[in-house]
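Subject: Structure handover

Hello,

Here is the structure we spoke about, with the sequence. My notes follow below.

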Amino acid sequence: MENKLEAAFPWQDKIHLIRFADDFIITGNNKEILENKVTPIVKQHYGERGLELSEEKTHIAHIEKGFDFLGQNIRKYNGKLLIKPSDKNVRNLLQKVKGIIKNSPCKNPIHLIWEINPIIRGWANFHCHVVSKAIFGQVDFEITKTLWKWAKRRHPRLPVNQVKQKYFYQTERGRDWCFFGKKGNKKAALTKAMDVKIKRHVKIKGWANPYDPEWEMYFEGRLDTDC
C-alpha cells in the first residue's frame with residue numbers, strides 16, 4: 001500500500017502511511033484528496049487480497065478536531081500537537097479495574113492489590129511517553145474513590161476514620177489515601193498511575209539494526225535512558 005501511495009501522489013500532497021499491525025492512518029493535505037483519491041486506492045488494495053475496508057472504523061478527521069489511534073487521541077490545540085490517552089481507553093481501564101473491585105467484596109486487600117497493580121502499571125507504562133500526567137491523576141482518583149466505597153461496604157458499622165485507617169495510609173511525603181493490604185509478613189500497596197514517570201520518547205535512528213553487533217552499545221544506551 002505504501003508503494004502505491006508513493007507512486008500515486010507527489011510529495012507536496014503530504015500523503016504518508018503510518019501503520020501498526022493491522023491499524024493504520026494516512027495523512028494528507030486536504031479532505032478531498034483523502035476521500036476521492038486515497039480511499040479508492042486503499043479499497044482496491046484490500047480488494048486484491050479479498051478484504052474490505054471497514055466503513056465503521058474508517059473516517060476522515062481534521063487534525064484540529066483530532067482522532068484516536070492505538071488508544072491515544074492525537075489532536076492539535078491552537079496549532080500545537082498533543083497526544084493523550086483517549087477517553088475510550090481511559091473508560092475501558094476504569095471499567096476493568098472497577099469491575100474487579102466490585103466483584104471482590106470479600107477478597108483480602110493484598111490479593112486485590114496483586115490483581116490490580118499489573119493492570120494499572122501496564123496501562124501507565126503504555127501512556128508514559130505522551131501527555132498523560134493529568135489523566136493519570138484522574139485515574140488514581142477514580143480508583144481510590146471506588147476502593148473507598150468498597151472498604152465502607154465491608155464495615156458498614158465502623159466509623160469512617162477507622163475504615164480509612166484500616167485500608168489507607170499516608171506516605172512520609174504527605175500523600176494520603178494510599179490503599180494497602182497485608183497477609184502475615186507480606187505487605188503491598190496499590191500502584192498509582194501518577195508514580196509512573198513521564199518519559200519523552202526519542203525516535204530510534206531509522207538505520208539502526210538491533211541484530212548488528214555494531215549497534216549494541218546504541219540500544220543499550222537507549223535502555224539506560226529509558227528511551
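In what order do the strands of the open sheet of three strands stand, and with what pairing? The order is 6-7-8, and the pairing is antiparallel. The edges are taken by strand 6 (168–169) and strand 8 (186–189), each of which has a single partner strand, so one side of each has no neighbour in the sheet. Please keep in mind throughout that this is a predicted model.

The pairings in this sheet are as follows. Strand 6 is joined to strand 7 (residues 178–183) by two bridges, in the antiparallel sense. Here Tyr169 is placed opposite Cys178 of strand 7. Strand 7 and strand 8 also run antiparallel, with four bridges between them. Phe180 has Ala189 of strand 8 opposite, and Lys183 has Lys186, also in strand 8, as its bridge partner. Two residues lie between the strands in the hairpin of strand 7 and strand 8, where Gly184 adopts a positive phi near 65 degrees.

There is another hairpin earlier in the chain, made by strand 1 and strand 2. Strand 1 (residues 16–20) pairs with strand 2 (residues 23–27) in the antiparallel sense, over five bridges. Phe20 has Asp23 of strand 2 as its bridge partner. This hairpin has two residues between its strands, and Ala21 has a positive phi near 55 degrees.

Next, helix 5 and what it touches. Helix 5 covers residues 133–154 and includes Thr144; Trp148 is also found in helix 5. Is Thr144 buried or exposed? Its relative accessibility is 13%, and the cut-off for buried is under 20%, so Thr144 counts as buried. Trp148 has a relative accessible area of 17%, which puts Trp148 under that same 20% cut-off, so Trp148 is buried too.

Which residues does Thr144 contact, leaving aside neighbours within four places in sequence? They are Phe168, Trp177 and Lys192. For Trp148, with residues up to four places away in sequence not counted, the list is Val160, Val163, Lys164, Phe168 and Trp177. Phe168 and Trp177 therefore appear in the contacts of both Thr144 and Trp148. Phe168 falls within the range of strand 6 (168–169). One of the Trp148 contacts, Val160, is 12 residues away in sequence, and the C-alpha to C-alpha distance between Trp148 and Val160 is 9.7 Å.

Helix 6 covers residues 160–167 and contains Gln165. How does Gln165 stand, buried or exposed? Gln165 is exposed, at a relative accessible area of 62%. Gln165 is 12 residues from Trp177 in sequence, and the two are 9.4 Å apart in space, C-alpha to C-alpha.

Now the chain as a whole. Its secondary structure amounts to seven helices and eight strands. The radius of gyration is 23 Å, whereas the globule rule gives 17 Å for 227 residues; the value is well over the rule, so the chain is more spread out than a compact globule. The C-alpha trace spans about 70 × 45 × 40 Å along its principal axes. Of the 227 residues, 32% count as buried.

Contacts between residues at least 6 apart in sequence include 47% that join residues at least 24 apart. The exposed area of the chain is about 15800 Å², and 52% of that comes from carbon and sulfur atoms. The chain has 42 positive and 26 negative charges, and the mean positions of the two sets are 13 Å apart.

Regards

Terms used
Residues are numbered from 1 along each chain as its sequence is written. This is a predicted model: local features need pLDDT of at least 70, side-chain atom pairs count only at pLDDT 80 or more; totals for chains, interfaces and linings use all residues. Side-chain values use heavy atoms; hydrogens and water are left out. Buried means under 20% relative accessible area, exposed over 50%, partly exposed in between (1.4 Å probe, protein chains only). Contact means heavy atoms within 4.5 Å. Two strands pair if DSSP finds at least two bridges between them. The radius of gyration is taken over C-alpha atoms; the globule rule is 2.2 Å times the number of residues to the power 0.38. Accessible areas come from the Shrake-Rupley method with a 1.4 Å probe; for residues, only the protein chains shown count as cover. Lys and Arg count as positive and Asp and Glu as negative; His and the chain ends are not counted. The place of a charge is taken as NZ of Lys, CZ of Arg, CG of Asp or CD of Glu.
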